[in-house]
Structure formats: structure tokens, C-alpha cells
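Got your viewer open? Let's take a walk through this model, one selection at a time.

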Amino acid sequence: MIVIGAGFAGLCAIHQLRAAGFSVRAFEAGPDVGGTWFWNRYPGARCDVESADYSYSFDPELEQEWTWTERFSAQPEILAYLRHVADRFDLRRHIEFGTRVTAARYDGQQARWQVTTDSGVQATGRFCFLATGSLSVPQLPALPGLADFAGAIHHTCAWPAEGVPFRGRRVGVIGTGSSGVQLIPVLAEQAAQLTAFQRTPAFSVPARNRRLTQDEVRDLKQGYRRRRALARGSPGGIARPPVDRSAHADTAAERRAHFEARWRVGGTPSITGAYSDLLLDAEANRWAADFVRDKIRARVTSPEVAAKLIPSGFPIGTKRVCADAGYYEAYNRPNVTLVDLRATPVLAATASGLRTTAGHHDLDVLICATGFDAFTGAVFAIDIRDAAGRALREHWAAGPRTYLGLATAGFPNLFTITGPGSPSVLTNMVASIEQQVDWLVGYLRALRAGGQRETVATETAEAQWGARLAAAAQRTLYPQAASWYNGANTPGKPRQFMVFLGGLANYARICDDLARDGYRGFRAR
Ligand code: NA7
């Protein structure tokens with residue numbers, strides 16, 4: 001087995017494949033395990049899924065020995081957890097670090113994948129797992145003159161391990177998605193002057209992160225089995241029962257009280273998960289959006305600045321809702337300036353800062369919190385070819401085509417973990433990763449037992465899954481936003497909704513049903 005990537009998905013795959021008796025060779029571009037949690041080490045980086053859910057369920061002893069300290073874990077703690085997992089289960093011996101896979105070619109005669117790496121290492125394996133992450137290829141803004149900027153430039157996902165000094169410096173941040181929203185309040189306390197360059201204001205709700213009490217940690221450890229079962233049976237892969245009430249069932253006053261109660265609890269789903277139809281019904285969505293807009297007005301002292309921060313033009317939740325700690329309040333500080341790029345676009349970078357249509361902003365450091373070439377970026381970074389030499393990039397030219405988000409017609413024995421077309425980023429990623437890895441390992445066991453060495457998704461199964469994916473998206477408000485969920489954040493990318501919106505439990509049921517039906521949709525030999 002070849003596994004590419006050693007983040008949450010890669011480590012899980014290595015562990016479970018090995019446990020099933022397969023030999024595994026893994027490649028990781030970074031110098032250590034962690035993937036997303038290795039690279040995104042900007043100040044304030046934190047998970048927006050609760051720690052209790054955002055961890056592996058495959059080993060009860062691991063659950064007992066690891067202690068999460070906060071409601072939402074910060075990047076260093078998650079990275080420490082993944083390092084612990086790698087050591088505890090002796091996974092490192094399977095991984096070649098600092099080795100980027102550049103090409104993968106299927107050999108139809110041998111039924112094997114041959115991979116080439118940037119260090120010249122070649123390897124072959126019967127099956128190849130792309131555990132390359134949904135958000136791992138960063139995007140930099142295409143600004144004229146960027147190369148002339150004399151100060152330091154950093155992307156949030158390529159943060160120097162030694163950190164970046166901000167004290168006494170004039171810092172610019174481009175981008176106000178989840179990364180920018182987490183980073184800006186932390187930088188505001190350190191930088192002499194902070195300028196946030198905002199293209200689209202995001203909806204952000206308070207995370208209300210806090211340290212877990214000893215009692216909570218004890219309860220968490222005692223309740224893991226129940227918690228995991230609840231998570232697996234839920235649409236989002238989190239141990240919280242989904243709300244089954246329409247926003248239309250309440251009066252305006254009841255809705256307000258309900259939103260208020262959830263606002264006090266905090267967290268990404270607090271508002272958009274308050275009713276069952278907030279992402280399905282435009283009017284219900286507007287009620288939720290207006291509630292958050294009022295909160296933004298209340299959090300920002302200057303009405304002019306608040307007006308720039310109020311999101312509009314897309315339903316709340318259709319671009320990822322951010323979870324913050326003092327984001328809006330940061331704009332009340334005298335050393336923080338908000339530049340609305342829609343009103344005054346950046347014209348160019350200069351040696352000393354950024355020039356917009358309204359003037360020049362002097363900067364010593366420029367941070368790009370400008371997001372990722374999501375889902376397909378990391379797949380296309382590898383030159384993947386079928387037995388006839390046809391590139392996966394060609395097969396996906398009009399957008400990714402997959403069966404279950406796991407496999408692609410014409411590319412046998414190649415699997416994407418939390419790939420495009422699976423529930424992935426709109427669920428708890430760790431729960432999705434475990435579900436997919438377990439299912440795939442089950443399938444590989446079945447193939448081994450049947451003496452089969454090759455499997456491929458059929459064109460029909462792929463086309464039907466694509467239609468099902470699109471239909472699920474069309475039933476919601478999601479397609480109304482230009483987001484990284486549908487490729488709109490990447491210039492030139494075909495627009496296609498890349499997340500299966502049926503929910504994790506439903507998706508797992510679909511996978512299990514077709515496994516019982518002889519792995520319908522795959523052709524094996
Ligand atoms: P996101 O959510 O893609 O946010 C990127 C931000 O950068 C967003 O505000 C973009 O504005 C902005 N952006 C991107 N390119 C430019 C240019 N060229 N000029 C100005 N502004 C730009 O990435 P994050 O890293 O914050 O979060 C990614 C996910 O990680 C997050 O959803 C969580 O799942 C964890 P736009 O909205 O495109 O107008």
C-alpha cells in the first residue's frame with residue numbers, strides 16, 4: 001500500500017492498513033507528521049470542532065491516556081496529539097519524511113501504482129491512497145509588484161516554525177476567512193499597527209473556547225463509547241443530536257431567544273445549526289443572518305467600521321462560518337485599521353507596502369490568509385496517470401468526478417480519503433476519515449479474500465454519484481455563495497459543489513449498503 005500524506009488521514013490509513021495485515025509505505029512532504037496541523041501554525045490557529053469529537057476513536061486506550069485541555073484545541077495541542085499517535089503506534093517507521101510525491105502512474109499489467117518522489121525515490125504498491133488533505137495547497141493573491149515587497153511575506157499555512165516577530169511592526173493581513181479571523185485579534189495585541197485587507201466579510205460567531213474542567217475531562221473519558229456512537233450516527237460526525245425543528249415553527253421572539261441561548265454557548269454550528277432549515281430556506285436563513293449582523297453591530301464601536309464588516313450577498317453558512325475570540329472587538333483598537341477592498345481595491349504591492357485606490361499602506365510584514373486551492377489542488381500537484389498515460393487532471397478537467405468521493409473511473413486501485421464528492425469538510429474531518437478508511441480497509445480485505453488484485457469504479461457509478469452530489473447541493477442554499485466549497489475562490493477553476501451534503505451517517509449507510517451488495521459500482525478482477 002502506498003499512502004501519500006501523514007496528517008490525520010494518512011496516519012489513520014497507515015494504522016488501519018497495517019492492522020489488517022497489509023504492508024504500507026507512506027510519503028510525507030513535511031519533516032514531521034501532522035499535515036494541516038503541522039503547517040497552519042499561525043498564532044491563534046485552533047480547530048472549530050470540539051476537542052472531544054476531533055480525535056481518533058480507533059483505540060480506547062489512546063482515548064484514556066490523552067487529555068484534551070481546552071474545549072477547542074489549539075494547533076500545538078493537536079500537533080502534539082498526532083505526534084503522540086505516531087510514536088505510540090510506531091507509525092513513523094512506515095513514513096518517508098521530507099519526500100514529496102510528484103508523479104504516480106498505474107501499471108495495468110502488474111496492477112500496481114508506481115510513484116516518483118522529488119528525492120528520486122521510486123516505489124510501487126498495489127493500492128495508492130491520497131491522504132493529501134482538502135486544504136493543503138495555499139493560494140497567494142496575484143498582486144502586481146509582490147516580488148518587490150521588501151518586508152517579510154507569510155501565508156498562514158506556511159508559517160515559520162520559529163514564529164514571526166510582530167512587536168513594534170506594521171503588519172498587513174489579506175483575507176478574513178477562518179484563518180484571518182483567528183489571527184487578527186492575536187496580532188492586534190502585538191503589532192504596532194495592523195491593517196486588515198478584507199474582500200468579503202465573513203459571518204463570525206464567538207467560539208467561547210475555554211479550558212476543560214477536571215470533571216469535564218473525566219466525563220469525557222468515561223463517555224467516549226457513547227459519544228462516538230452518537231457522532232457516527234449524526235450528519236456532522238459530532239456527538240450532538242441534530243436539531244429537528246424548523247425556524248418557521250417559532251415566533252420571532254422565540255427565535256430570538258433560541259438564537260441568544262445558542263450564541264451564549266458559541267461555536268461554529270451555534271447559529272446555523274439552530275434550526276433544521278437554515279441552510280435550506282432563504283427566509284429562515286435571513287433570520288439567522290440578521291441575528292448575527294445585529295451582533296456584529298453591537299460588537300464594533302464605530303458604525304462605519306461595523307458597516308464594512310457586515311456580510312451580505314450570500315446566505316449565512318454557505319461560506320464557512322468562522323468561530324472567533326475577539327475578532328470584531330479587535331477593530332475597536334486604535335492600532336487596527338480595516339480596508340474594504342471592494343470599495344478600495346489593492347492596485348499593487350510596492351517595496352514598502354500595499355497601494356489601494358485610496359492610498360498607500362506602509363507595511364513591514366504582509367500575511368496572506370488567502371486560503372487554498374481546495375480539494376483538487378493537492379491531487380493535481382501529483383502527475384497522476386492511468387495505464388494509458390491519461391492524466392487525472394484531464395479526467396477532472398470539468399471538475400472532479402468520483403464515486404463516493406473515494407474512487408475515480410479509469411484509475412484503478414486509487415483512493416482519495418475525504419476527497420471531492422465525500423462529506424469531508426462539512427463534517428468532523430476525523431470522523432469522516434475514520435469512516436472512509438475503515439470502509440476501504442474492509443473492501444481491501446474482501447478483495448484479498450477473493451483473490452482479486454484490482455478494482456475500479458465504473459463510469460456509470462461515477463456519473464450517478466456526481467448527479468446525486470449535485471442534486472443534494474441544489475436542495476440547499478450552498479450554491480448561492482462563491483466559496484471554496486465550489487471552487488469559486490480559485491481563479492479559472494470549474495464551478496462545482498465538491499462536498500456531499502447528505503451527511504456522514506447517511507453517507508456511511510450508503511457505503512455499507514453497497515458493500516453488502518457486492519461493492520456495487522466497482523468492477524474488480
Ligand atoms: P478561506 O476561508 O478561503 O479565506 C480566505 C480569505 O482570503 C477570504 O476572506 C478571501 O476572500 C480572501 N482572499 C483570497 N484571495 C484574495 C485576494 N486575492 N485578495 C483579497 N482577499 C483574498 O481560507 P482560510 O485559510 O481562512 O480558511 C480555510 C478553512 O480552514 C476554513 O474554512 C476552515 O475550514 C479551516 P473571498 O471570501 O474569497 O472574497
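Start with Arg-320 and the ligand: a polar side-chain atom of this arginine sits 2.9 Å from a ligand oxygen, which makes a polar contact (a pair of N or O atoms within 3.5 Å). Before you go on, know that this is a predicted model, where local features need pLDDT of at least 70 and side-chain atom pairs pLDDT 80 or more, while totals for chains, interfaces and linings use all residues. Residues are numbered from 1 along each chain as its sequence is written, and side-chain values use heavy atoms, with hydrogens and water left out.

Now add Lys-319, with a polar side-chain atom 2.8 Å from an oxygen of the ligand. Then pick Thr-200: an N or O atom in its side chain is 2.4 Å from a ligand oxygen. Hide the protein for a moment: on its own the ligand exposes 780 Å², and the protein buries 82% of that (accessible areas by the Shrake-Rupley method, 1.4 Å probe).

Which residues are closest to the ligand? Select Ser-179, Arg-199, Thr-200, Lys-319 and Arg-320; they belong to a shell of 18 residues, each with a heavy atom within 4 Å of the ligand. That shell splits into 7 nonpolar, 8 polar and 3 charged residues, with Gly counted as polar.

Next stop, a sheet. Color the strands in the order β8-β17-β9-β10-β13: these 5 form an open sheet with parallel pairing. Strands here are DSSP runs of E, at least two residues, numbered from the N terminus, and two of them pair if DSSP finds at least two bridges between them. At the edges are β8 (152-155) and β13 (336-340), each pairing on one side only. Zoom in on β9 (170-174) and β10 (193-198), joined in parallel over 5 bridges; Val-173 has Ala-196 in β10 as its bridge partner.

Over to another sheet: β6-β5-β4-β18, an open one of 4 strands with mixed pairing. Its edge strands are β6 (122-125) and β18 (383-385). Select β4 (101-107) and β5 (112-117), which run antiparallel over 6 bridges, and find Ala-103 opposite Thr-116 in β5.

Last pick: Arg-25 and Glu-96, whose side chains meet in a salt bridge at 2.7 Å, N to O. The term covers a side-chain nitrogen of Lys or Arg within 4 Å of a carboxyl oxygen of Asp or Glu. This pair links distant parts of the chain, β2 (25-27) and β3 (95-96), with the two residues 71 residues apart. The structure holds 34 salt bridges.

Note on methods: Polar contact = N/O pair within 3.5 Å; in protein donor to acceptor, adjacent residues only side chain to side chain.
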